[in-house]
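Subject: Handing over the structure

Dear colleague,

I am passing on the structure below, and after it you will find an account of what turned up when it was examined. Please keep it open beside this email, so that each residue can be found as you read.

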Amino acid sequence: MITPALSGIYNIRAVDESLCTSGQPSVAQLREIAAAGFTTVINLALHDDPRYSLPDEAGTVKSLGMVYVHIPVQFAAPTRANLLEFFSEMEAHEGEKIWVHCAANIRVSAFLGLHRVIKQGWEREPAFAQMHDLWQPDEAWSSFIASALESQSGSQETRAK
């Protein structure tokens, strides 16, 4: 699934045939992503740091014929609204080839783990295996993940009653 042209993308992970995640791709790498048949790019990073962003990623992605979705997640302060927007976009583009990235595949790995547990019914350990392969969440992210999982558990208990 990961072609040689894509293998140089920072922290790339092929999740399955229709989903890849990574750190920030370059313009040339975005061309390779489009050539590999991906139709949607979801970016969870910010656009205001030139070390971790492109000057016009939205324009580049659109010029390559792909859909561009930007959900700017503050690394030190992810929000429930960010997560719910991510869930919504993953659902809206279900069945498509989706590339999800942030600066280093850190935000993405946490959001993907939560998506797997909350939306797809995975067990926690396998759901977060990719995240743990990349990093161990700090206090802000550990709290965010625990809160999201707790909210999910509470809403399941309420529906069951």
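Before anything else, please keep in mind that this is a predicted model, and that the values in this email are computed.

I would begin with helix α4, since several of the findings come back to it. This helix covers residues 106-118, which makes 13 residues, and it reaches 19 Å from its first C-alpha to its last, close to the 18 Å expected at 1.5 Å a residue. As for its surroundings, 13 of the 13 residues of α4 are buried, so the helix is largely enclosed by the rest of the structure.

The same helix appears again in the nonpolar interior. The largest nonpolar core has 32 residues, and the ones with the most contacts inside it are Leu44, Val100 and Leu114. Two or more residues of this core come from each of α3, β5 (98-101), α4, α6 (129-134) and α7 (139-160). Among these contributors, α4 gives the most, with eight residues.

Next comes the largest pocket, which has a volume of about 320 Å³. Its lining is made up of 18 residues, and those that lie nearest its centre are Asp16, Leu19, Met90, His115 and Gln120. If you look for the elements behind this lining, you will find that β1 (13-16), α3 (80-92) and α4 each supply at least two residues. Sorted by class, the lining has seven nonpolar, five polar and six charged residues.

A question you may well ask is how many disulfides there are in the model. The count comes to zero, and the reasoning can be followed from the two cysteines Cys20 and Cys102. A disulfide is a covalent bond between the sulfur atoms of two cysteines, and the rule used here asks for a pair of sulfur atoms within 2.5 Å. The sulfur of Cys20 has its closest cysteine sulfur in Cys102, at 14 Å, which is too far for a bond. Seen from the other side, the closest cysteine sulfur to that of Cys102 is the one in Cys20, again at 14 Å and again too far. Cys20 is buried, with a relative accessible area of 1%, and Cys102 is likewise buried, with a relative accessible area of 1%.

Two asparagines deserve a careful look for their backbone angles. Most residues other than glycine have a negative phi. Asn11, however, has a phi near 55°, a positive value in a residue that is not glycine. Asn11 sits in the segment before β1, and at 22% relative accessibility it counts as partly exposed. Asn105 also has a positive phi, of about 70°, although it is not a glycine. Asn105 is placed in the loop between β5 and α4, and it is buried, with a relative accessible area of 0%.

Finally, three residues show how separation along the chain can be set beside distance in space.

- Asp138 lies in the loop between α6 and α7 and is partly exposed, with a relative accessible area of 35%. Asp138 and Phe75 are 63 residues apart in sequence, and their C-alpha atoms are 11 Å apart in space.
- Pro137 is found in the loop between α6 and α7, and at 18% relative accessibility it counts as buried. Pro137 and Ala35 are 102 residues apart in sequence and 33 Å apart in space, taken from C-alpha to C-alpha.
- Pro126 belongs to helix α5 (residues 124-127), and at 41% relative accessibility it counts as partly exposed. Between the C-alpha atoms of Pro126 and Gln74, which are 52 residues apart along the chain, the separation is 26 Å.

When you go through the structure yourself, I would suggest starting from α4, which gives the most residues to the largest nonpolar core and also supplies at least two residues of the lining of the largest pocket.

With best wishes,
A colleague

Notes
Residues numbered from 1 in each chain as written. Predicted model: local features only at pLDDT ≥ 70, side-chain atom pairs only at ≥ 80, totals over all residues. Heavy atoms only, no water. Buried < 20%, exposed > 50% of the residue type's maximum accessible area, 1.4 Å probe, protein only. Helix = DSSP H or I, 4+ residues; strand = E, 2+ residues; numbered from the N terminus. Expected span 1.5 Å × (residues − 1). 1 Å grid on protein atoms, 1.4 Å probe; cavity = no way out; pocket = protein on both sides within 12 Å on 5 of 7 lines; lining within 4 Å. Points joined across faces, edges and corners; volume = space filled by probe spheres on them. Nonpolar A, V, L, I, M, F, W, Y, C, P; charged D, E, K, R; others polar. Core = buried A, V, L, I, M, F, W, Y, C linked by side-chain atoms within 4.5 Å.
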